[in-house]
Amino acid sequence: MTGKVYLVGSGPGGLSLLTFRAREVIEEADVILYDQLPGEEIIASLPAAAEKIDVGKRGGCHTMKQEDIESLMVRFASAGKNVVRLKGGDPFVFGRGGEEMETLRAAGIPVEAVPGITSGIAVPESVGIPVTHRDFASSVTFITGHESEKEASSIDWAWLAKTPGTIVIYMGVKNIPQISSRLIENGMSSSTKVAVIENGFRENQRVTCVTLDKLPEAAVQVGFKAPAIVVIGDVVSLYRG
């Protein structure tokens, strides 16, 4: 009998922001393939009876390749196991959940996505920065700062630099100098406000606010570390740290 795979978003961090449905499927899982982003509190709470496999990455080094993770999900589910693929944030927001769903469907494996609170909204919100605000931003654009190195950028930087509203960047710490220069070169004001929020919802959370032109310098002086969310736009002025 074929099992089922649940692509579960654990939210931005901590048990209090894990949804009821996420906890429900975690408790019923035979196998849990987990990343590091859910955090120590959630990982420590995983049921003892489940087989737990760390498939996350540390310092840019992957514990397991993406195709191997997908093969594991297919293999366990084909053996009748209920499998939870546990991710930080939401599985479909820069979490490769869409790719995994395609693989599982192609293999004839039942699959359910369990939404999680995405860090691009929750982490700025936790420090008093709303990504939209009637007086400052009527739109928000989410982008990844870590595109495939094998292909040209799919981001239209010229459009992005001139679009009013808030820009939220996931996984952008490594490429902060390029992000800053691309936006300024394409017409964004160098005085645009930027907040870099590291380790959202954790004890070592840190917020740094600068202007866009000073962002590369701040990256060197402060030493930004992942995980971090970068917020660009007038809403950053609402931060009261």
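# Close-ups of a predicted model

**View 1. Helices α7 and α8, side by side.** In this predicted model, helix α7 (residues 176-185) packs with helix α8 (residues 215-223) at an angle of about 165 degrees, and the two axes are 8 Å apart. Angles over 145 degrees count as roughly antiparallel, and α7 and α8 are therefore roughly antiparallel to each other. The crossing of α7 past α8 is right-handed. From α7 come Ile 176, Pro 177 and Ser 180, and they meet Leu 215, Pro 216 and Ala 219 of α8. Sorted by type, the residues of this contact are five nonpolar, one polar and no charged.

**View 2. Zooming in on Ser 180.** Ser 180 sits in helix α7. Is Ser 180 buried or exposed? Its relative accessibility is 2%, so Ser 180 counts as buried. Setting aside neighbours within four places in sequence, Ser 180 is in contact with Leu 212, Asp 213, Leu 215 and Pro 216. Two of these, Leu 215 and Pro 216, belong to the α8 side of the helix pair. Look also for Ser 190: its C-alpha is 8.7 Å from that of Ser 180, with their positions 10 residues apart in sequence.

**View 3. Helices α3 and α4, crossing at a slant.** Here the axes of helix α3 (residues 66-78) and helix α4 (residues 97-106) come within 10 Å of each other and cross at roughly 45 degrees. That angle makes α3 oblique to α4. The crossing is right-handed. On the α3 side, the contact is made by Gln 66, Ile 69, Glu 70, Met 73 and Val 74; on the α4 side, by Glu 99, Glu 100, Thr 103 and Leu 104. These residues divide into four nonpolar, two polar and three charged.

**View 4. Lys 87, a lysine tucked inside.** Lys 87 lies in strand β6, which covers residues 82-87. With a relative accessible area of 2%, Lys 87 is buried, because anything under 20% falls in that class. What does the side chain of Lys 87 find there? A polar atom of that side chain lies 2.7 Å from the backbone oxygen of Gly 95. Not counting residues up to four places away in sequence, Lys 87 touches Val 8, Gly 9, Ser 10, Asp 35, Pro 38, Gly 95, Arg 96, Gly 97 and Glu 100. Glu 100 turns up in View 3 too, as part of the α4 side of the contact with α3.

**View 5. Helix α5 and the strands around it.** Which residues of helix α5 (residues 119-126) are buried? They are Ser 119, Gly 120, Ala 122, Val 123 and Pro 124. The buried residues of α5 pack against four strands: β8 (140-144), β9 (166-170), β10 (193-198) and β12 (228-232). Ser 119 is found in α5, and its relative accessibility is 17%, so Ser 119 counts as buried. Leaving out residues up to four places away in sequence, Ser 119 touches Pro 12, Gly 89, Pro 124, Tyr 170 and Ile 229. Just past the helix, Gly 128 takes a positive phi of about 85 degrees.

**View 6. Two loop residues with positive phi.** Most residues other than glycine have a negative phi. Arg 96 is not a glycine, but has a positive phi of about 65 degrees. Arg 96 lies in the loop between β6 and α4 and is partly exposed, with a relative accessible area of 41%. Arg 96 is also among the residues that Lys 87 touches. Phe 201 likewise has a positive phi, near 65 degrees, in a residue other than glycine. Phe 201 sits in the loop between β10 and β11 (206-211) and is partly exposed, at 34% relative accessible area.

**View 7. A cis proline in the α8–β12 loop.** Most peptide bonds are trans. The bond that joins Ala 226 and Pro 227 is cis, with omega about 0 degrees. Where is Pro 227? In the loop between α8 and β12.

**View 8. Gly 39 and Pro 12.** Gly 39 lies in the loop between β2 (31-34) and α2 (40-44). At 10% relative accessibility, Gly 39 counts as buried. The C-alpha atoms of Gly 39 and Pro 12 are separated by 8.8 Å, and the two residues are 27 apart along the chain. Pro 12 is also one of the residues that Ser 119 touches.

Methods
Residues numbered from 1 in each chain as written. Predicted model: local features only at pLDDT ≥ 70, side-chain atom pairs only at ≥ 80, totals over all residues. Heavy atoms only, no water. Buried < 20%, exposed > 50% of the residue type's maximum accessible area, 1.4 Å probe, protein only. Polar contact = N/O pair within 3.5 Å; in protein donor to acceptor, adjacent residues only side chain to side chain. Contact = heavy atoms within 4.5 Å. Axes fitted to C-alpha atoms, helices over the stretch in contact; angles between N-to-C directions. Parallel < 35°, antiparallel > 145°, perpendicular 65-115°, else oblique. Left-handed = near helix turned anticlockwise from the far one by under 90°. Nonpolar A, V, L, I, M, F, W, Y, C, P; charged D, E, K, R; others polar.
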